[in-house]
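Below are some points for you to read alongside the coordinates, set out in the order in which I went through them. Please keep the sequence open as you read.

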Amino acid sequence: MVDLTEKLMYVTVQVRCELSSGGLSRGTGFIFTYSKGTHSLPVLVTNKHVVRDASKTRLAIPYVHTENGIDERRSFGITIDGGEAVWVKHPDDSIDLCALPLQGVFDLMLRRDPEAHHVTLDESIIPSQAKLDKLSPFEDVIMIGYPIGLIDEVHNAPLMRKGMTATHPRYDYNGQPIFMIDCACFPGSSGSPVFLLDNGPYVEDGTLTLGKQRFEFLGVMFSGPVQRTTGEVDVIDIPTTQHLIATTGIPTNLGNVIKARKLTELGDVLWKMAESELAE
């Protein structure tokens, strides 16, 4: 049986986009499933700026192949044509989220490997405001993705980075639905999911808790501040190619994270599209 920490190694996918203008964009996406009654809607979520100007998207989706009670890590590679247009955008232009419906991709994967099953995040691990209110201003977080395009090519596995909250997750930083983390955020980190994961003692709502695991999906990395050599501080999208940051300035090792609750609004758009297609 794959435990929680091992499962997290399956939820991300490196998003590689061939650009209409030439070149390659690389970022991080994660598998997320919306549910409504007996219906489910699996998608790949990333930032809008990761797929901007894309002509096609290349994915290698990790999955679990189970045979005779033994789990084996495998990958399903696919190229998605249609460019940026196949990605469903969050309705608010200021929210840097988009999603690619995956049901058709998973159908192809199962056709190739009937013993395949994917690992996914879902709305049940998005914390309520009441849960966020109980958190400490200083919480350990992990971010999973592909900084500077790094990936374990042999196992198609991401890198896991550890940091901490830089602003309290309870609050919307500067009135926006984001919070900040203290973690090295490099090109390729765009779209990385950020989690609260405690396996040991932790303090919640002022109480020390022992012997209990705590796990919450806090949000999605998308941008970060940089300081220019002249002293000004700018907030920029986490780049998707390394050469784009050659002249941006001094990294601050801080990142802006879209709060996970904004995925619900993206889901509303996806459900409307799915229901419209069913009605035709």
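1. The secondary structure of this protein amounts to five helices and 19 strands, and the reader should bear in mind from the start that the model is a predicted one. Of its 280 residues, 49% count as buried, while the accessible surface comes to about 13400 Å², with 53% of that area belonging to carbon and sulfur atoms. Among the contacts with a separation of 6 or more, 68% are made by residues 24 or more positions apart.

2. The largest nonpolar core has 34 residues, and those that touch the most other members are Phe32, Tyr34, Phe217 and Leu263. Two or more residues of this core come from each of the strands S2 (24-36), S3 (39-46), S10, S13 (193-198) and S16 (214-227), and from helix H5 (262-279). Of these elements, H5 gives the most, with five residues. Another core, of 23 residues, lies apart from this one and includes Val15, Val50, Tyr63 and Ile78.

3. Which residues does Phe217 contact, once its neighbours within four places in sequence are left aside? Its partners are Phe30, Phe32, Leu121, Ile125, Ile126, Pro127, Pro193, Val194, Phe195, Ala260 and Leu263. Two of these partners of Phe217, namely Phe32 and Leu263, are also listed with Phe217 among the residues that touch the most other members of the largest core.

4. His168 deserves a separate look. This residue is found in the loop between S11 and strand S12 (178-182), and because its relative accessibility is 10%, under the 20% limit, His168 counts as buried. The side chain of His168 reaches the backbone oxygen of Leu135 at 3.1 Å and the backbone nitrogen of Arg170 at 3.0 Å. Not counting residues up to four places away in sequence, His168 touches Leu132, Leu135, Ser136, Pro137 and Phe179, so that Leu135 appears both as a contact and, through its backbone oxygen, as a partner of the His168 side chain.

5. On the surface, Ile148, Leu150 and Phe186 make a nonpolar patch of about 230 Å². Ile148 has its place in the loop between strand S10 (140-145) and strand S11 (159-165). Is Ile148 buried, partly exposed or exposed? Its relative accessible area is 34%, and Ile148 is therefore partly exposed, since that class lies between the 20% and 50% limits.

Key: Residues are numbered from 1 along each chain as its sequence is written. This is a predicted model: local features need pLDDT of at least 70, side-chain atom pairs count only at pLDDT 80 or more; totals for chains, interfaces and linings use all residues. Side-chain values use heavy atoms; hydrogens and water are left out. Patches are made of residues with over 30% relative accessible area and no salt bridge: like charges are joined within 9 Å, nonpolar side chains (Val, Leu, Ile, Met, Phe, Trp, Tyr) within 5 Å. Accessible areas come from the Shrake-Rupley method with a 1.4 Å probe; for residues, only the protein chains shown count as cover. A salt bridge is a side-chain nitrogen of Lys or Arg within 4 Å of a carboxyl oxygen of Asp or Glu. Helices (H or I, at least four residues) and strands (E, at least two) are DSSP runs, numbered from the N terminus. Buried means under 20% relative accessible area, exposed over 50%, partly exposed in between (1.4 Å probe, protein chains only). Contact means heavy atoms within 4.5 Å. A polar contact is a pair of N or O atoms within 3.5 Å; within protein, one must be able to donate a hydrogen and the other to accept it, and residues adjacent in sequence count only if both atoms are side-chain atoms. A nonpolar core is a set of buried Ala, Val, Leu, Ile, Met, Phe, Trp, Tyr and Cys residues joined through side-chain atoms within 4.5 Å.
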